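Q: Let's read helix packing and sheet layout. Where do we start?
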Amino acid sequence: MFLIANKNNDLLCNEQIKNSQVLVIGPNGEQLGVKQIKDALTIANYAGLDLVLINPNSNPGVCKIMDYNKYKYEKAKKQKEAFKKQKASNMELKEYRLSPVIDIGDFNTKVTNASKYLEKGHKVRLCVRFRGRQLAHPDLGVDVLNKFADSVKDIAVVEQKAKLEGKNMTMLLAPNK
């Protein structure tokens with residue numbers, strides 16, 4: 001079986017190996033010792049498997065007798081699984097900007113949209129922006145944020161309490177587990 005290695009970190013296999021001597025590891029993990037490349041290829045062919053150069057940097061290079069296509073398949077499967085786990089851990093964060101003097105209709109619309117987003121399993125950041133003299137009454141912003149949190153308390157919990165940062169007050173909501 002002759003395989004051509006791609007540039008995407010594939011390992012050298014069978015006739016692609018240019019080393020004159022290699023340390024051979026058997027299909028069950030046993031060390032077969034340092035062998036000439038021709039002898040190692042003969043052993044691999046006799047077993048019906050491929051000779052794969054695992055570590056080309058060592059002296060002599062380390063080769064393993066294995067089914068290379070199966071190895072590539074398992075590697076791709078592991079990468080796909082790792083990507084799924086990474087994607088699940090990277091929950092999206094949606095930000096909703098509110099005002100300390102928000103009207104009830106606007107407020108209800110934002111609660112509805114945020115609750116849909118929370119039901120999907122994502123987090124929501126609420127931000128109240130103060131303008132001008134509104135900054136003298138941060139308690140109005142806290143009231144708006146607490147009212148919002150109470151509106152979605154059946155599907156979300158407060159992960160970070162309301163805190164004032166400059167002219168913005170933020171609160172973080174996370175979905176219930």
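A: This is a predicted model. Start with one helix pair: α3 and α4 are oblique to each other.

Q: Why are α3 and α4 called oblique?
A: Two packed helices are described by the angle between their axes and the distance between the axes. Here α3 (residues 104–119) and α4 (residues 138–151) pack at about 50°, and their axes lie 10 Å apart. Angles under 35 degrees would count as roughly parallel, and 65 to 115 as roughly perpendicular. The pair is therefore oblique.

Q: What is the handedness of the α3 and α4 crossing?
A: The crossing is right-handed.

Q: Which residues of α3 and α4 meet?
A: From α3 come I104, F107, K110, V111 and A114. From α4 come V144, K147, F148 and S151. By type, the contact has six nonpolar residues, one polar and two charged.

Q: Now the sheet. In what order do the strands lie?
A: The order is β5-β6-β8-β7, an open sheet of four strands with mixed pairing. β5 (93–98) and β7 (156–165) are the edges. Each has a single partner strand, so one side of each lacks a neighbour in the sheet. On average, neighbouring strands are turned by 20° against each other, direction ignored.

Q: How do β6 and β8 run, and how many bridges join them?
A: β6 (residues 123–129) and β8 (residues 168–175) run antiparallel, joined by six bridges. R129 stands opposite N168 in β8.

Q: Which strands does α3 touch, and which does α4 touch?
A: α3 packs on the sheet and touches β5, β6, β7 and β8. Its direction makes about 170° with that of β5. α4 also packs on the sheet, touching β5, β6, β7 and β8. The direction of α4 makes about 15° with that of β8.

Notes:
Residues numbered from 1 in each chain as written. Predicted model: local features only at pLDDT ≥ 70, side-chain atom pairs only at ≥ 80, totals over all residues. Heavy atoms only, no water. Axes fitted to C-alpha atoms, helices over the stretch in contact; angles between N-to-C directions. Helix = DSSP H or I, 4+ residues; strand = E, 2+ residues; numbered from the N terminus. Parallel < 35°, antiparallel > 145°, perpendicular 65-115°, else oblique. Left-handed = near helix turned anticlockwise from the far one by under 90°. Contact = heavy atoms within 4.5 Å. Nonpolar A, V, L, I, M, F, W, Y, C, P; charged D, E, K, R; others polar. Pairing = 2+ DSSP bridges.
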